[in-house]
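Colleague: Could you take a close look at the salt bridges for me, and set them in the context of the whole chain? I would like the cut-offs spelled out as you go.

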Amino acid sequence: QTISAGLTFAPLPAINLSSNYNKKITTVIRDLRVAASSNNKVLLNAKVSYQPTTWGTLVLEREDEDNGGEIQGGQMVSLNTFKTTQIYSLNIHIPTDNPVVSSFLVIASLKSVDYHNRNNAGDDFRASLMSFEGSLNF
């Protein structure tokens, strides 16, 4: 069973707010290897985009995942984890007056993940990734 809801709102032309909620309920009714149970996986995502000019967008995104168990590889896996992912990015779109290259796109971003295993604190970790990308659009 899956429950989903989402909302997008633009209070000003330069600001866009969005949020999504997903809840997946996995119920084991009869399995010889696993006791009957009902496990939930909840995802909550929020995103804010700010575009003050036509060439630049600042994006802030956060996702929280509370995982009580799910089907992985055809088997029920009992989990008790909580993961937070945050992304900060600056997207710069530079149009060109060129018949071959229509624009340049430059993206600078910082992504961090904070993972907690409530059953085993030794599995907890925090990771970060900083990236810088550039592309030519034809």
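Modeller: Happily; here is the chain in outline, then the salt bridges, and then a few other contacts. This is a predicted model, in which local features need pLDDT of at least 70 and side-chain atom pairs count only at pLDDT 80 or more, while totals for chains, interfaces and linings use all residues. Residues are numbered from 1 along each chain as its sequence is written, and side-chain values use heavy atoms, with hydrogens and water left out.

First, the outline. The chain has zero helices and seven strands, where helices (H or I, at least four residues) and strands (E, at least two) are DSSP runs numbered from the N terminus. The radius of gyration is 20 Å, well over the 14 Å that the globule rule gives for 138 residues, so the chain is more spread out than a compact globule. That radius is taken over C-alpha atoms, and the rule is 2.2 Å times the number of residues to the power 0.38. Along its principal axes the C-alpha trace spans about 65 × 35 × 25 Å. Of the 138 residues, 19% count as buried; buried means under 20% relative accessible area, exposed over 50%, and partly exposed in between, with a 1.4 Å probe and protein chains only.

Now to your salt bridges. Side chains of opposite charge can pair when their charged atoms come close. The structure holds four salt bridges, each defined as a side-chain nitrogen of Lys or Arg within 4 Å of a carboxyl oxygen of Asp or Glu. One of them joins Arg-62 and Asp-64, at 3.3 Å from N to O. Arg-62 is partly exposed at 37% relative accessible area, whereas Asp-64 counts as buried at 16%.

Another is formed by Lys-83 and Glu-65, whose closest N and O atoms are 3.9 Å apart. This pair links distant parts of the chain, with Lys-83 in strand 5 (residues 75-95) and Glu-65 in strand 4 (residues 56-72), 18 residues apart. Here Glu-65 is buried, with a relative accessible area of 12%, and Lys-83 is partly exposed at 26%.

Asp-66 and Arg-118 form a further salt bridge, with 2.9 Å between the closest N and O atoms. Asp-66 sits in strand 4 and Arg-118 in the loop between strand 6 and strand 7, so to speak distant parts of the chain, 52 residues apart. Both residues are partly exposed: Asp-66 has a relative accessible area of 29%, and Arg-118 has 45%.

The aromatic side chains deserve a look too. A search of the whole structure finds one aromatic pair. Tyr-115 and Phe-125 are stacked, at 5.1 Å centre to centre and 20° between the planes. Rings of Phe, Tyr and Trp (its six-membered ring) pair if their centres lie within 6.5 Å; planes under 30 degrees apart count as stacked, over 60 as edge-to-face and the rest as tilted. Tyr-115 lies in strand 6 (residues 103-117) and Phe-125 in strand 7 (residues 125-137), so the pair ties together parts that are 10 residues apart in sequence.

Finally, Ser-49 belongs to strand 3 (residues 37-53) and is buried at 16% relative accessible area. Beyond its neighbours within four places in sequence, Ser-49 is in contact (heavy atoms within 4.5 Å) with residues including Ala-14, Ile-15 and Thr-57.
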